[in-house]
Protein chains: 2
Amino acid sequence: MDIAIVGGGAIGLLTGAHLGRDHTVHMYVRREEQVEQLKQEGISCSSVEGAVPVHSHLVTEGFLSHDLVIIAVKQDQVPSVLQEIRNTNSSVLFLQNGMAHLELIPDYLNALIGVVDHGALKIDDRTVEHLGKGTIQVAPFKKGATGQSLVDELYQEDFPVLYRKDYQKLMVAKLVVNTVINPLTALFEVRNKQINDNPSIQRLAYTLCEEVCSVFSLPHEEEWERVRLVAERTGENESSMFKDIKAGRKTEIDAISGYVLRKSNRDVPYHQFVVDAIHAKERRGS
Amino acid sequence: MDIAIVGGGAIGLLTGAHLGRDHTVHMYVRREEQVEQLKQEGISCSSVEGAVPVHSHLVTEGFLSHDLVIIAVKQDQVPSVLQEIRNTNSSVLFLQNGMAHLELIPDYLNALIGVVDHGALKIDDRTVEHLGKGTIQVAPFKKGATGQSLVDELYQEDFPVLYRKDYQKLMVAKLVVNTVINPLTALFEVRNKQINDNPSIQRLAYTLCEEVCSVFSLPHEEEWERVRLVAERTGENESSMFKDIKAGRKTEIDAISGYVLRKSNRDVPYHQFVVDAIHAKERRGS
């Protein structure tokens, strides 16, 4: 297949390295230096042998025609990417955290929604470390639409891409974990395991979980067990939001906890608190 | 007058230095080294000329008889100090932050409640820096009891000690300021002025103020104006709770925000959040 990947961050590079072994991969990125490095040296990924050759382009120069376009940018860059690809007939796979970008997807697009649970860390413009092996689960955005054969083609033994029917189930499961673990680890600047190990953080986590479950009518005890498991399994990881705060970057708090606020028709004070608290820390750093 | 001051922290030293000019001051402290230093060198305070000679004692050796005992320890040490002085006939002036210690004052005691709004920083065992001049306002704990003549004796032009009738008014006013400024400056590790300067912290502050005003039936807009004024006037200060967090010490969060929780008969989620958040940071440091 001929695949475009928009975004040269950790997830873009990870996906490019793995899919680039079986497919023709075009990376679309924002900086000329990264275009050059990728063109000349390919992608280096700790879980893939050797450099993986890819084509590379400036995202601003317009898109070629591809069988599949994978959007691997952060949620807040989705609107501008949608501008760039607005005339595409290709299938478009969205890999963002949170759910806020779903509201932006235009009707005519043949959209697929993916949930990534790999751990990955970008080392430099062409190098990514694969910290934790996971899966990419993909479901069609429109009910009844299908992308199964296309998704099946992406599957690799050591990089499973799995077809699912209901994207909402996928997203909400990820959202619960993100909405609990991300803001608290970023607020206290601690690793994921502190959700279980620090009893006061755990009390905050429990109430955040309770709130998000009540908004989406999810079974609270079951979701709480899952949050605890993920925090344990990824204990030594720094969440993406903690990393953003450390690096003085804008976080995805509006796409994650802010989405819960927007979808709620009752008070969710703990979510309100963490949205302002994370924004406070973003500003403090600037 | 013959005055005992229990506690050799910033407020104990500040009070000792000023009152020691007109009165005989006995400092009661916990460590032998501080007893020796105070005995030999007196108290040094940036707003008082020269060293002020004081008597000094280990608090564990028992109390002499005094006209007035000033308790200048932190709230969590009040129970043990009350044990030590339980047979006193002296008037006892309490200078703690928060209101939790009020519940511990035994009935027989001739208790006075003081509210300190000086800024002070302990430099070493005998040295205190007077960062911001303020007042000590004192009211009797029991309705109808009087201590006015005693309080009037403490008054000094450059260190005003003022008699008031209603301690609850005094305390609640201080509590509102403490319950808003202390936890947020400690949580984000910022100076007081950020309550006004960081719009996200200000939003959190506004809701904390709203909650505490609803618990104590106070006029919200008026109290909020006062909080903003205090944050502005003390902008460059680090709150006591921020200092405690930085130094890895236990904070007074249970005496301040915890008191609001205990007195509330409705949900005060922002106060609940900050109590756990500050405890989380205390544990993180340990």
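**Entry 1. Annotated domain.** I looked up the UniProt annotation first: an unreviewed entry records "domain: Ketopantoate reductase C-terminal" over residues 167-282 of chain A. I note here that the model is a predicted one. Over residues 167-282 I find that chain A is 77% helix and 0% strand. The C-alpha atoms at the two ends of this stretch lie 31 Å apart.

**Entry 2. Relation of the copies.** I then superposed chain B on chain A, which took a rotation of 179° with a shift of 0.1 Å along the axis and gave an RMSD of 0.1 Å. This is the relation of a two-fold axis. I also asked which residue of chain B comes closest to the rotation axis. Pro269(B) does, with its C-alpha at 3.2 Å.

**Entry 3. Extent of the interface.** I counted the residues in contact and obtained 23 from chain B and 23 from chain A. The area buried between the two chains is about 2,000 Å², and carbon and sulfur atoms give 65% of that area. Of the area that chain B buries against chain A, 32% is supplied by Phe188(B), Phe273(B) and Asp276(B), more than by any other three residues. I compared the two sides: 100% of the interface residues of chain B are also interface residues in chain A, so the copies meet through the same surface.

**Entry 4. Polar and charged pairs across the interface.** I searched between chain B and chain A and recorded eight residue pairs in polar contact, both residues being at pLDDT 80 or more. Which elements of chain B give two or more residues to the side that touches chain A? They are α5 (167-188), α7 (199-215) and α11 (269-285). Helix α11(B) gives the most to this side, with twelve residues. By class, I list 13 nonpolar, four polar and six charged residues on the side of chain B that touches chain A.

Two salt bridges cross the interface of chain B and chain A. In a salt bridge, the side chain of Arg203(B) meets that of Asp276(A), at 2.7 Å from N to O.

**Entry 5. Salt bridges over the structure.** Over all chains I obtained 30 salt bridges. I examined one within chain A, between Glu189(A) and Lys281(A), whose closest N and O atoms are 2.7 Å apart. Glu189(A) lies in the loop between α5 (167-188) and α6 (194-197) of chain A, and Lys281(A) lies in helix α11 (residues 269-285) of chain A, so the pair ties together parts that are 92 residues apart in sequence.

How values were computed. Residues are numbered from 1 along each chain as its sequence is written. Chains are lettered from A and ligands numbered from 1 in the order in which they are written. This is a predicted model: local features need pLDDT of at least 70, side-chain atom pairs count only at pLDDT 80 or more; totals for chains, interfaces and linings use all residues. Side-chain values use heavy atoms; hydrogens and water are left out. Contact means heavy atoms within 4.5 Å. Buried area is the accessible area (1.4 Å probe) that two parts lose on being put together, summed over both. A salt bridge is a side-chain nitrogen of Lys or Arg within 4 Å of a carboxyl oxygen of Asp or Glu. A polar contact is a pair of N or O atoms within 3.5 Å; within protein, one must be able to donate a hydrogen and the other to accept it, and residues adjacent in sequence count only if both atoms are side-chain atoms. Helices (H or I, at least four residues) and strands (E, at least two) are DSSP runs, numbered from the N terminus. Ala, Val, Leu, Ile, Met, Phe, Trp, Tyr, Cys and Pro count as nonpolar, Asp, Glu, Lys and Arg as charged, and the others, Gly among them, as polar. UniProt positions are given in the numbering used here, feature names are shortened, and annotations may be inferred rather than shown by experiment. Copies are superposed by least squares on the C-alpha atoms of residues with pLDDT of at least 70 in both.
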